[in-house]
Structure formats: C-alpha cells, structure tokens
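Grab a pencil and work through these exercises at your own pace. Each one sets a task and then walks you through a solution.

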Amino acid sequence: MSARLETLCQNLQNTLGERIRDIKTVAGEVTIEVAAEHYLDAARLLRDHPDLRFEQLIDLTGVDYSAWGEGAWQGLRFAAVCHLTSVSKNWRLRLRVFAPDDGFLVLPSVVGLWNSANWYEREAFDLYGILFEGHPDLRRILSDYGFVGHPFRKDFPISGYVEMRYDPEQKRVVYQPVSIEPRENTPRIVREDSYGDVGHG
Amino acid sequence: MGTSDMAEIRNYTINFGPQHPAAHGVLRLVLELDGEVIVRADPHIGLLHRATEKLAETKTWLQTVPYLDRLDYVSMMCNEHAYCLAVEKLLGVEVPLRAQYIRVMMDEVTRILNHLLNIGTHALDIGAMTMVLYTFREREDLMDAYEAVSGARLHAAYYRPGGVYRDLPDRMPQYVENKFKNAETVRRLNEARQGSLLDFLEDFTKRFPAYVDEYETLLTDNRIWKQRTVGIGVVSPERALQLGFTGPMLRGSGIEWDLRKKQPYEVYDRMAFDVPVGVNGDCYDRYLVRIEEMRQANRIVRQCIDWLRHDSAKGAGPVITDNHKVAPPPREKMKASMEELIHHFKLFTEGMHVPPGEAYAAIEHPKGEFGVYAISDGGNKPYRIKLRSPGFPHLAATDEMAKGHMIADATAIIGTIDLVLGDTDR
C-alpha cells in the first residue's frame with residue numbers, strides 16, 4: 001500500500017472512528033462500509049473534514065447481492081455504493097451502506113451534501129427500489145412512464161414481463177405479456193477459488 | 001383590456017423533443033416558460049435506455065466489450081478503455097507497453113473525433129451551419145483510422161482486457177472509383193493513404209493544426225457565436241464540484257482537474273501535454289477548452305506515433321498479454337499445441353474467470369470522467385457493472401444552468417454539455 005493510501009486510511013480511522021464497520025484496501029482502492037444510521041453523519045464528515053475533503057460525489061449506485069456466488073451471500077441484500085473524489089487531495093473512496101431492511105428499503109438521501117446525488121438516487125430508486133429519505137423529487141428516471149417493478153433486481157428476468165406493440169384495431173400502442181422465450185447461450189459458472197486464477201497456470 | 005386581464009398571464013409549459021434535431025438524440029425536455037424566459041427545465045431521459053448494465057450480467061466478460069461501444073457512440077474506444085482497465089484491475093494482468101501506447105493514441109484520436117462532432121453540431125444548433133461541414137471532413141479521416149485498426153468505422157471493439165485486438169495495420173483502406181468519385185478525386189483521396197496507418201495519422205497530425213485554425217477563424221471571434229455563448233450557462237467552480245461535473249465542463253469553470261495528469265493511467269505520465277482551463281465557466285469558455293484540447297490531443301498522437309514506429313527498436317513487441325487465461329493464443333500456436341487449443345476453446349465457450357472482488361476504473365473520456373465499477377463473484381460473467389457516464393450529472397444540471405435564460409439558450413446549453421443520449425441513458 002502506498003504512503004498516500006495509508007494516510008487516507010489513517011485519516012478515515014481518526015475522523016470516522018467507530019462509524020466505520022469495515023475498511024479494505026484492494027488494488028489501490030479504499031472501500032469503507034458504514035451502517036445506515038451513521039451514513040449521513042459519515043458522509044458529512046467525509047465532505048467537510050479538512051483531512052478528507054471529498055468534494056465530489058462521482059457515482060452512486062444500487063447493488064443487489066442476493067445472487068452473489070450462486071447463493072453464497074449471507075447478509076443484507078441491497079446496498080448503495082458511492083464513489084467519492086477529492087479534487088483538492090487527489091484521492092478516491094468507495095462508501096458502501098446496506099439498506100437495513102430487505103423488505104422495505106430506506107436509506108437517507110445525500111442530495112443535501114452532494115447535489116449530484118439527485119439523479120443517481122433517482123436511478124437507484126428506479127432500478128432497485130431503494131427509497132431515499134429526504135430526496136426532493138424521487139421519480140423514476142430511466143424506465144418507461146408507468147413501468148412496474150425494479151428491473152435491475154436479480155429476480156427480475158432479462159426479458160422483462162411485458163412487451164409493447166401497435167394494435168391496428170385499437171389504433172394505439174398496447175402492452176401484453178412477453179412472448180419471447182428466455183435463452184442463455186453461455187451459462188453462468190462460478191468455479192472453485194483457484195480455478196483460472198492468473199498466475200496459477 | 002384591464003389590469004385584471006393582465007394578471008391572467010400564466011407560465012407556459014412546452015415540450016422540447018424527444019424528436020428534436022437539437023436534442024442530440026432522444027432527449028425530452030419539459031420547459032416551463034415565463035414569456036421567453038425559462039423558469040424550470042425538467043429533462044426526461046431513458047428513451048434510449050437499453051439496460052446495458054443488466055445485459056452485461058448475462059454475457060461473458062469479453063462479450064460485454066462491444067456493448068460499451070454503443071454507449072457514447074461518438075467516442076467508442078474510450079468507453080472500451082475504461083471497461084478493460086476495470087477488468088484488468090480485477091485480474092491483475094499487465095498490459096504490454098506497445099498496447100498501452102496504441103490505446104493512448106487511439107484515445108486521443110477519439111478525443112479529436114468527439115470534440116469535432118461536438119463543436120460542429122453545437123455551432124449548427126445555434127446557427128453556424130458551416131462548421132459541421134468542416135468538422136465532418138476531418139472526422140472522415142479519423143473514421144478511416146478506426147476502420148484500419150478494427151475493421152469498423154464506429155463500433156470498433158478494438159480494446160480487449162489485456163491489450164488490444166491486433167497490431168496496427170501496415171496499409172490503409174483505399175478509395176475506389178465509382179459513379180460519384182472520378183479517377184482524379186480517388187487519386188487525391190488516396191494520396192495520404194499510401195503508407196501504413198501511422199504514416200496516415202502522422203500526415204493528419206501535420207494537417208490538423210491548420211484545420212483548427214480554420215475553425216477558430218469561423219467561431220472564436222465571430223460576433224454572433226459570442227453573443228450566443230458568452231455568459232450563457234455560467235457555472236461557478238463550487239457549483240461545478242457540487243454537481244459532479246468532470247472533464248471540459250469542470251475545467252471550463254476554472255478547476256484544473258484532468259485524470260490524465262492527476263491519476264495517470266497507461267502511459268499518459270510519459271506524454272507532454274497541457275491542460276487548458278477556462279475562467280468564466282460559460283459556454284464560450286467550454287468551447288475554448290475543447291478547441292485547445294484538440295490541439296493537445298494532436299500533440300499526444302504525434303508523440304505516440306514517434307514511439308510506435310517499428311523501426312525504433314523500443315516500439316516493437318506484443319500488443320496483448322501472453323496470459324492465455326485472459327487473451328486467446330495466436331492462431332498458429334493454437335493449431336500446433338494442445339494446451340493452447342484448450343485455452344482457445346475454454347475462452348470462447350466459457351470465457352475468462354475473474355477473481356471475486358470489485359474495482360472502479362476511470363478514464364478521462366472526452367466528455368468527462370467515464371468510470372466502470374465492476375463487481376465479480378468469481379464467475380465467467382460480471383456480477384454487476386455500473387457505468388458512470390459523464391453526461392448523466394451534466395444533464396442533471398440543465399435545470400440550474402438554463403434557469404433565467406431565454407428559450408433559445410436551451411439549445412446552446414444542451415450543445416455545451418456535449419450530450420449523447422446513448423451515454424446518458426445507457
């Protein structure tokens with residue numbers, strides 16, 4: 001680990017302290033995980049503390065962990081992952097927070113801290129159904145007007161549930177159940193740990 | 001008409017797009033107007049949403065590469081680049097030096113392509129018809145370079161995890177005589193295409209600075225152009241950071257931030273180039289930044305060509321990793337060795353296996369920071385790919401940038417964002 005990353009990790013430990021549930025450095029990237037109740041607190045410190053100064057929220061995305069490693073996943077299902085950048089300090093951070101209730105996904109919104117979160121949270125809401133408390137305008141963004149469901153969840157089929165066509169009799173576009181057969185050309189395979197590992201022949 | 005009638009004047013809501021030539025694709029913009037002044041702009045996106053990220057979860061790591069071309073379809077290779085960097089980070093493979101130089105060169109060619117389109121169409125949108133004719137003339141040359149390296153003019157799929165698909169070609173595709181092009185025209189067009197790709201690009205880099213001067217003659221001091229862009233869509237540096245701006249949008253606001261300098265990837269740390277920065281943060285400054293970026297990109301292409309020339313001994317070498325768990329073995333080895341045949345078979349049926357973990361790789365895309373956040377659970381397909389497109393937060397800021405401007409300025413603001421809906425909607 002380079003000296004810069006060590007400084008960053010040290011500063012994170014000093015500033016956030018108990019709020020950090022987990023901290024990891026892999027391939028030059030620092031990831032911290034915080035609990036939902038400390039999320040806003042931690043985010044504010046990350047932005048404002050003179051030792052951290054993450055002025056920019058570069059990305060915020062939802063992740064559905066339910067199918068991870070073909071059923072190997074234990075723990076909460078949905079997370080929001082933020083990527084932060086500090087322009088003044090020139091470092092990056094990944095911040096992960098799991099939604100505490102799998103049945104009713106609520107996380108605090110960070111729009112007040114980073115305005116760029118506005119559309120990213122709308123997207124995470126649209127695709128994963130995570131509700132961001134305090135968001136000024138939580139509408140769907142990428143899916144169609146009147147779309148039902150959250151398409152990026154792992155239990156949502158790739159072909160979807162409805163298809164659209166023009167109906168010449170009704171003279172308008174109608175929705176109907178999908179008629180295409182789902183098909184998988186290459187099956188998903190997760191091998192044992194060292195299989196295909198680069199450097200192990 | 002009494003004063004009570006005057007009080008009846010209400011804000012007017014109009015719908016801009018999704019099929020509007022200045023909407024750069026399928027953007028729908030709901031504008032609330034007070035007379036001719038924009039009170040609120042509400043962009044509706046998703047009309048070009050193809051769920052690329054979800055599709056990637058059902059394709060092997062390699063099969064995902066061509067999908068990346070279809071995101072920002074005017075800077076194809078840069079999209080692939082970020083994806084390859086993310087996969088390489090997860091795998092921990094080294095990319096051969098020659099491949100790194102090729103990638104940097106093609107990235108900069110892409111940057112010129114992208115900025116040419118942006119400046120041409122931006123000018124077209126706000127009334128300067130001529131620009132697009134000039135910029136597309138140069139785009140044609142660079143498209144030929146794309147065709148020469150990958151066989152495709154748009155959707156290249158040239159970068160692969162571990163390197164690039166193949167080495168640079170020794171000859172350029174030629175024009176042939178037909179009923180639209182006579183012998184004389186064909187001879188003139190083929191003149192620069194007699195040598196290798198590097199010869200062709202070198203010739204281009206010699207011609208290009210004069211072309212940029214031409215664009216500047218047409219626009220930089222043009223009174224109408226300045227009236228349409230100076231002071232329009234002003235973003236302060238603080239707001240630019242808050243709104244998640246990157247690339248020319250951030251630099252136009254006066255923040256010197258370029259990933260090629262600040263967090264160099266590939267061989268950008270060996271390149272000599274300058275980073276232009278704006279002062280006022282308006283559409284005009286962002287235009288100036290893009291013009292200068294084209295000149296700098298031209299410089300970088302030149303340096304790459306010098307290094308890549310085969311006759312300089314340092315420029316030779318493989319262009320893709322020799323780790324055959326990641327990249328296929330060469331054809332002749334595959335035919336001669338059992339082990340390589342197995343590698344080939346496994347790679348093209350099952351695909352490579354990427355160790356469990358997550359990685360975020362970002363590059364300085366012509367539009368800003370393009371990032372790929374890849375999560376692997378150890379399978380032959382990505383578990384989750386998140387594409388951080390630069391246009392997304394830029395478009396989100398339309399409301400703030402357009403508020404208080406006249407309705408005609410909406411097109412100037414959309415133009416300056418350098419909007420490509422394929423990239424925003426994913």
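**Exercise 1: A glutamate in a loop**

Glu55(A) sits in the loop of chain A that links helix H2 (39–48) to strand S3 (56–64). Keep in mind that you're looking at a predicted model.

Task: Work out whether Glu55(A) is buried or exposed, and find which residues Glu55(A) touches.

Solution:
- Step 1. Start with the relative accessible area of Glu55(A), which is 14%.
- Step 2. Buried means under 20%.
- Step 3. Glu55(A) has 14%, so Glu55(A) is buried.
- Step 4. Now look for contacts, skipping residues up to four places away in sequence: Glu55(A) touches Thr85(A), Ser86(A), Val87(A), Ser88(A) and Trp114(A), plus Leu241(B) from chain B.

**Exercise 2: Chain A as a whole**

Task: Describe the make-up of chain A, from its elements to its charges.

Solution:
- Step 1. Count the elements: chain A has 3 helices and 9 strands.
- Step 2. Put them in order from the N terminus, and you get α-β-β-α-β-β-β-β-α-β-β-β.
- Step 3. Draw a box along the principal axes around the C-alpha atoms of chain A; the box is roughly 70 × 50 × 30 Å.
- Step 4. Check burial: of the 201 residues in chain A, 45% are buried.
- Step 5. Turn to the surface. The accessible surface of chain A is about 10,200 Å², and carbon and sulfur atoms account for 51% of it.
- Step 6. Take the contacts in chain A between residues at least 6 apart in sequence; 49% of these join residues at least 24 apart.
- Step 7. Finish with the charges: chain A carries 23 positive and 30 negative side chains, and the centres of the two sets are 4 Å apart.

**Exercise 3: A serine with two polar partners**

Task: Locate Ser143(A) and find which side chains make polar contacts with the side chain of Ser143(A).

Solution:
- Step 1. Find the loop of chain A between strand S7 (131–133) and strand S8 (162–167); Ser143(A) is there.
- Step 2. Ser143(A) has a relative accessible area of 13%, so Ser143(A) is buried.
- Step 3. One partner is Asp126(A), whose side chain makes a polar contact of 2.7 Å with the side chain of Ser143(A).
- Step 4. Another partner is Arg140(A), with a side-chain polar contact of 3.2 Å to Ser143(A).

**Exercise 4: The largest nonpolar core**

Task: Name the members of the largest nonpolar core that touch the most other members, then list the contacts of Met105(B).

Solution:
- Step 1. The largest nonpolar core has 177 residues.
- Step 2. Leu12(A), Met105(B) and Tyr158(B) touch the most other members of this core.
- Step 3. Leave out residues up to four places away in sequence, and Met105(B) touches Leu168(B), Leu197(B), Leu198(B), Leu201(B), Val301(B), Cys304(B), Ile305(B) and Leu308(B).

**Exercise 5: A valine and an aspartate in chain B**

Task: For Val354(B) and then Asp199(B), give the place, the burial and the partners.

Solution:
- Step 1. Val354(B) is in the loop of chain B between helix H15 (338–349) and strand S6 (357–365).
- Step 2. With a relative accessible area of 1%, Val354(B) is buried.
- Step 3. Apart from residues up to four places away in sequence, those touched by Val354(B) include Trp61(B), Val87(B), Leu90(B) and Leu91(B).
- Step 4. Asp199(B) belongs to helix H8 (residues 197–219) of chain B.
- Step 5. Asp199(B) has a relative accessible area of 33%, so Asp199(B) is partly exposed.
- Step 6. The side chains of Asp199(B) and Arg309(B) share a polar contact of 2.9 Å.
- Step 7. A polar atom of the Asp199(B) side chain also lies 3.0 Å from the backbone nitrogen of Ser196(B).

**Exercise 6: Positive phi values**

Task: Find where Ala51(B) and Arg426(B) lie, and what their phi values are.

Solution:
- Step 1. Ala51(B) is in the loop between strand S3 (37–44) and helix H2 (52–57) of chain B.
- Step 2. Phi of Ala51(B) is near 55°, which is positive in a residue other than glycine.
- Step 3. Arg426(B) comes in the segment after helix H19 (421–425) of chain B.
- Step 4. Arg426(B) isn't a glycine, yet has a positive phi of about 55°.
- Step 5. Arg426(B) is at 2% relative accessibility, so Arg426(B) counts as buried.

Key:
Residues are numbered from 1 along each chain as its sequence is written. Chains are lettered from A and ligands numbered from 1 in the order in which they are written. This is a predicted model: local features need pLDDT of at least 70, side-chain atom pairs count only at pLDDT 80 or more; totals for chains, interfaces and linings use all residues. Side-chain values use heavy atoms; hydrogens and water are left out. Helices (H or I, at least four residues) and strands (E, at least two) are DSSP runs, numbered from the N terminus. Buried means under 20% relative accessible area, exposed over 50%, partly exposed in between (1.4 Å probe, protein chains only). Contact means heavy atoms within 4.5 Å. Accessible areas come from the Shrake-Rupley method with a 1.4 Å probe; for residues, only the protein chains shown count as cover. Lys and Arg count as positive and Asp and Glu as negative; His and the chain ends are not counted. The place of a charge is taken as NZ of Lys, CZ of Arg, CG of Asp or CD of Glu. A polar contact is a pair of N or O atoms within 3.5 Å; within protein, one must be able to donate a hydrogen and the other to accept it, and residues adjacent in sequence count only if both atoms are side-chain atoms. A nonpolar core is a set of buried Ala, Val, Leu, Ile, Met, Phe, Trp, Tyr and Cys residues joined through side-chain atoms within 4.5 Å.
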